[in-house]
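Here are some worked exercises to try with the model open beside you. Give each task a go before you read its solution.

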Amino acid sequence: MELLAALRNHILDSPLGIKADNLVTFAKDGEIVSHQGDINHHFAIRYDANIIVVDYGKAPDMLFYIVLNWLKANNANHQANAIRFNADIIDHKKTDVEIIVQLEELVGANEVEGGIQLVHNGVAPIDVVPLSAGEWELYIPPDPDPVADWVAQGE
């Protein structure tokens, strides 16, 4: 659960001034997703990362913003509603805030001499760019003929 540790460090290193004694993190409702075959031993670790900040003295939305930006950079496949929260208002200055973040870590399992090497890949950000091609053709090998094509009109 490398992403949970990275998220914890990100919160501690943020300008919010949260101290380690006021930050509790743990994974809950985890599952391992695997579609193993003869050559594929990779798997995914999915879980709810629970982050609890006790006696938090700033606006909770500042904390949400820090977590959301980390999530966009480190777990790009997240759902739009991947972050949930609970808050307990202690008094007019302090709040206990629990943030629940759905995380997924991809783990590559590669055979190496003498065993297996596990490589945590995370989920890299996806660059989305508009298709700039004026025309294209789609082929499905081994058929040499295109199954679809498109030509831009009026360019």
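**Exercise 1: a shared arginine**

Glu104 and Arg46 meet in a salt bridge, with their closest N and O atoms 3.1 Å apart. A salt bridge here is a side-chain nitrogen of Lys or Arg within 4 Å of a carboxyl oxygen of Asp or Glu.

Task: find where Glu104 and Arg46 sit, and which other residue forms a salt bridge with Arg46.

Step 1. Start with the elements: Glu104 belongs to strand E4 and Arg46 to strand E2, and the pair links distant parts of the chain, 58 residues apart. Helices (H or I, at least four residues) and strands (E, at least two) are DSSP runs, numbered from the N terminus.

Step 2. Now look for the other partner. Arg46 also forms a salt bridge with Glu31, where the closest N and O atoms are 3.9 Å apart. Glu31 is in strand E1, 15 residues from Arg46 along the chain.

Step 3. Check the accessibility of each residue. Buried means under 20% relative accessible area, exposed over 50%, and partly exposed in between (1.4 Å probe, protein chains only). Glu104 has a relative accessible area of 18%, so it is buried. Arg46 has 34%, so it counts as partly exposed, and Glu31 has 42%, so it is partly exposed too.

Before going on, a word about the model. It is a predicted one, so local features need pLDDT of at least 70 and side-chain atom pairs count only at pLDDT 80 or more, while totals for chains, interfaces and linings use all residues. Residues are numbered from 1 along each chain as its sequence is written, and side-chain values use heavy atoms, with hydrogens and water left out.

**Exercise 2: the rest of the salt bridges**

Task: how many salt bridges does the structure hold, and which residues do they join into one network?

Step 1. The structure holds three salt bridges. One of them brings together the side chains of Asp48 and Arg84, at 3.4 Å from N to O.

Step 2. Place this pair: Asp48 lies in strand E2 and Arg84 in strand E3, so parts 36 residues apart in sequence are tied together. Asp48 has 12% relative accessibility, so it counts as buried. Arg84 has 36%, so it counts as partly exposed.

Step 3. Follow the shared partners: salt bridges join Glu31, Arg46 and Glu104 into one network.

**Exercise 3: the two rings**

Task: find how many aromatic pairs there are.

Step 1. Rings of Phe, Tyr and Trp (its six-membered ring) pair if their centres lie within 6.5 Å; planes under 30 degrees apart count as stacked, over 60 as edge-to-face and the rest as tilted. By that rule there is one aromatic pair.

Step 2. The ring centres of Phe64 and Phe85 are 4.7 Å apart and the planes make 45 degrees, so the pair is tilted.

Step 3. Phe64 is in helix H2 and Phe85 in strand E3 (residues 83-89), so the pair ties together parts 21 residues apart in sequence. At 22% relative accessible area, Phe64 is partly exposed; Phe85, at 48%, is partly exposed.

**Exercise 4: the core and the whole fold**

Task: work out which strand gives the largest share of the largest nonpolar core.

Step 1. A nonpolar core is a set of buried Ala, Val, Leu, Ile, Met, Phe, Trp, Tyr and Cys residues joined through side-chain atoms within 4.5 Å. The largest one has 24 residues, and Ile11, Ile18, Ile51, Leu63, Val101 and Leu103 touch the most other members.

Step 2. Helix H1 (2-13), strand E2 (43-56), helix H2 (60-74) and strand E4 (95-112) each supply at least two residues of this core. The largest share, six residues, comes from E2.

Step 3. Take a closer look at Ile51. Beyond its neighbours within four places in sequence, Ile51 is in contact (heavy atoms within 4.5 Å) with several residues, including Leu7, Ile11, Val97 and Val101.

Step 4. Zoom out. The protein has two helices and seven strands, and along the sequence they follow the pattern α-β-β-α-β-β-β-β-β. Of its 155 residues, 26% count as buried.
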